[in-house]
Amino acid sequence: MTLMKKTEDQISNNPIGIYYQENNDYCDMSRHFHHLYEIILITEGSAEFIINSKHYVARKNSLIFISDLENHAVKVAQYPYKRYVITMTRDFTLMMIKDPTLMSVLVQRPESFPYIAELNETLTTKMVHLLSDLLDECRICDAFWLNRSAAIITGLLIDLYRHNKKVFPINENTNIVQTVLSIQRYISKNFSNEITLDELSAQYFISKYYLSRSFKEISGYNFKDYIILHRLTEAKEMLCHTNRLVTDIGASVGYSNVNHFIRIFKQHEGISPLQYRKLHLDHHLKNEGHFL
């Protein structure tokens, strides 16, 4: 039997949402993605996560960080499986969390990134109190609730930083870190347009080759792939939640040639956009009522 306690924000378009869920029986999610950043706090049980083809085990008192660019799958390993799940849009994450070091655990993916942070019982209890406040904010949506929600997320990340700095990819707020973060924000707003390293290196008065290398080291992706992943993430969201034609979807994310869009999509997903849409629909019907 599955016990679910949901807020309205699970099915809304709000920039941030949170829900609490308990599973007491079989729950196995196939490979999928969310058009959102996720922070998952496990309070009981354990689960196996596959994130970008890498396997991780998350147990009680663990935080898991998944970006909006990452496909992932989850299989519950120990019941009951209880967790809080925070979801945030890209714009909310990039604009409302101000400190680059704190934000890095959400938006940077160097090769050494651990994805899972283990907490002690005291810190977990403290975070549960914070998330209870966040549940109230997202449920009531009173004046300045987005600002308060951002402050709660910032507080949670500060507590994690004080507990374990090594989880955060960025520990020094240098000029190049600021530059890469600014470029990530720029790409988030303009990914459907043509963006080149030449253009950005001139804009930020930096060597194209140094910028390319630094972008890869800090973000975890090379510049070209990062833009492609953003485009495909938006495309997958539209494939899953709209009836728009593939031609229209490709054009809206920067691919005027539909054949080029389909080829890029198949290279990264292994199937065509239409097959992806059908697979998502079949998966949704099969797993209706199950959330991460």
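Which element gives the largest share of the lining of the second largest pocket? The views below come from a predicted model, in which local features need pLDDT of at least 70 and side-chain atom pairs count only at pLDDT 80 or more, while totals for chains, interfaces and linings use all residues. Residues are numbered from 1 along each chain as its sequence is written, and side-chain values use heavy atoms, with hydrogens and water left out.

**View 1. The second largest pocket holds about 530 Å³ of space.** A pocket here is an open set of points on a 1 Å grid over the protein atoms alone, with protein on both sides within 12 Å along at least five of seven lines, and lining residues have an atom within 4 Å of a point. Grid points are joined across faces, edges and corners, and a volume is the space filled by probe spheres set on the points. Among the 23 lining residues, Asn52, Ser53, Leu69, Tyr221 and Leu229 are the closest to the centre of the pocket. Two or more lining residues come from each of β7 (72-88), α8 and α10 (258-269), and α8 gives the largest share, three residues. Helices (H or I, at least four residues) and strands (E, at least two) are DSSP runs, numbered from the N terminus.

**View 2. The largest cavity holds about 40 Å³ of space.** In contrast to a pocket, a cavity is a set of grid points where a 1.4 Å probe fits but cannot get out. A search of the whole structure finds one cavity of 30 Å³ or more. The lining of the largest cavity includes Tyr37, Ser67, Asp68, Leu69, Tyr221 and His230, and the elements that give two or more residues to this lining are α2 (100-107) and α8 (223-241).

**View 3. Helix α3 (residues 121-140) has a buried side.** The 20 residues of α3 should span 28 Å at 1.5 Å a residue (the expected span is 1.5 Å times one less than the number of residues), and the end C-alpha atoms are 29 Å apart, which agrees. Among the buried residues of α3 (buried means under 20% relative accessible area, exposed over 50%, partly exposed in between, with a 1.4 Å probe and protein chains only) are Leu123, Met127, Leu130, Leu134 and Cys138. The buried residues of α3 cover an arc of only 160° around the axis, which puts them on the same side of the helix; the arc is that of the directions from the helix axis to the C-beta atoms. An α-helix has 3.6 residues a turn, so residues three or four places apart point the same way. The face turned away from the buried side of α3 carries the exposed residues Thr122, His129 and Arg139.

**View 4. Threonine 93 lies in helix α1 (residues 90-96).** Threonine 93 is buried, with a relative accessible area of 0%. Not counting residues up to four places away in sequence, threonine 93 touches Tyr37, Met88, Met103, Leu106 and Val107, where contact means heavy atoms within 4.5 Å.

**View 5. Three places in the backbone deserve a look.** Most residues other than glycine have a negative phi, and most peptide bonds are trans. A cis peptide bond, with omega about -5°, joins tyrosine 79 and proline 80, and proline 80 has its place in strand β7. Asparagine 61, in the loop between β5 (54-58) and β6, has a positive phi near 65°. Tyrosine 115, found in the loop between α2 and β8 (116-118), has a positive phi of about 70° although it is not a glycine.
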